[in-house]
Amino acid sequence: MLIPGVVAISRQSGDSIMKPQIIALLGSPVDDGNTARLLSEAIKGAEDAGCSVTKVDVTKLKFSPCMEYFYCEKNDDCMMKDDVSPFLKRFRTVDGLIIASPVMTMGFPGAIKSFMDRFQVFFMAKYVRKDPLVKKEMKKWRKALLISIGGMNVPYDFDGVRLSMRAFCDITDFEYWEDVLQNDMDSIMDITKRPDKIKEAYTKANDMCRLIAEDKAKYSPKDGVD
Ligand SMILES: Cc1cc2nc3c(=O)[nH]c(=O)nc-3n(C[C@H](O)[C@H](O)[C@H](O)COP(=O)(O)O)c2cc1C
């Protein structure tokens, strides 16, 4: 995918097609910030579990928010053609998802929220036309991990991102598997002061990706068998 902000992290070898494919979305505009640091640990965890990872720097993509043209009510695509378009295809077959984002105004920041809103294409197919874009068997292994940090020290800091994550996973047929959360970043400042959190990002991504690989091997239709 030759789009600025999209990087295939894993080496593409002959067997990569057999590896579970993971998309890792970065919602922070800060390339080397605390969210990015946690995501890079999670990516290591995913790769060590034998998965192939594509990292998407969502704030670097060029796209518009959903304009409610409702083309997707009757068609399995979006009429707006931009950097989101290839992901509307890719998300049909990807095996796992990691979303890493800071909290802004008590929810996902605008760019990644707008990216997620464009997946109304999946909502319309699943709930309006009753013809989901994700094959039934893939639901047995598709899983998603949320990584989020917030500046404030309040107990409801992640309510917004968790609700949006749950809705997004529901329409795109990922199990919302787990999350890694750290609030109070305005005091902590540097996530490396919390090595337990960095380890948690690695471990949860690693565990999730192992499960995806196991479940995919178990439930993938074998050649010649439906
Ligand atoms: C525009 C903006 C809005 C923010 N809103 C919130 C908020 O509502 N709640 C919160 O806990 N932190 C909020 N924050 C703080 C960020 O979540 C925090 O600084 C985070 O560590 C940024 O991570 P990053 O540097 O990896 O992007 C906001 C930050 C910005 C820039």
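## Arg-142, its surroundings and the helices nearby

Leaving out residues up to four places away in sequence, Arg-142 touches Asp-95, Gly-96, Asp-173, Phe-174 and Glu-175, two residues being in contact if their C-beta atoms, placed from the backbone, lie within 7 Å. This is a predicted model, in which local features need pLDDT of at least 70 and side-chain atom pairs count only at pLDDT 80 or more, while totals for chains, interfaces and linings use all residues. Residues are numbered from 1 along each chain as its sequence is written.

Arg-142 has its place in the loop between H4 and S5; helices (H or I, at least four residues) and strands (E, at least two) are DSSP runs, numbered from the N terminus. Arg-142 is buried, because 25 other C-beta atoms lie within 10 Å; a residue is buried if 20 or more other C-beta atoms lie within 10 Å of its own, exposed if 12 or fewer, and partly exposed in between, with C-beta atoms placed from the backbone. A separation of 29 Å lies between the C-alpha atoms of Arg-142 and Arg-194, which are 52 residues apart along the chain. Arg-194 lies in the loop between helix H6 (185-188) and H7, where Arg-194 is partly exposed, with 17 other C-beta atoms within 10 Å, and touches Gln-182 and Ile-188, residues up to four places away in sequence not being counted.

In H5, the buried residues are Val-161, Met-165, Phe-168, Ile-171 and Thr-172. Seen down the axis of H5, these buried residues fall within an arc of 135 degrees, so they line one face of the helix, the arc being that of the directions from the helix axis to the C-beta atoms. The face turned away from the buried side of H5 carries the exposed residues Leu-163 and Arg-166. The cover over the buried residues of H5 includes strand S4 (96-102), helix H3 (110-117), helix H4 (120-128), strand S5 (143-149) and strand S6 (175-182).

In H4, Val-121, Phe-122, Met-124 and Ala-125 are buried. Viewed down the axis of H4, its buried residues fall within an arc of 165 degrees, so they line one face of the helix, and they pack against helix H2 (85-90) and H5.

Positive phi values are found at several places, including the four in this table.

| Residue | Phi | Place |
|---|---|---|
| Glu-68 | about 55 degrees | loop between strand S3 (52-57) and H2 |
| Lys-130 | about 55 degrees | just after H4 |
| Asp-173 | about 60 degrees | just after H5 |
| Met-189 | about 70 degrees | loop between H6 and H7 |

Most residues other than glycine have a negative phi. Glu-68 counts as exposed, with 8 C-beta neighbours inside 10 Å, and Met-189 is exposed, with 11 other C-beta atoms within 10 Å.

In the largest nonpolar core, which has 55 residues, Ala-42, Ala-46, Ile-98 and Ile-147 touch the most other members; such a core is a set of buried Ala, Val, Leu, Ile, Met, Phe, Trp, Tyr and Cys residues joined through C-beta atoms within 7 Å. Helix H7 (residues 195-219) supplies the largest share of this core, seven residues. Apart from neighbours within four places in sequence, Ala-46 is in contact with Ile-22, Cys-51, Val-53, Ile-98, Ala-205, Asn-206 and Cys-209.
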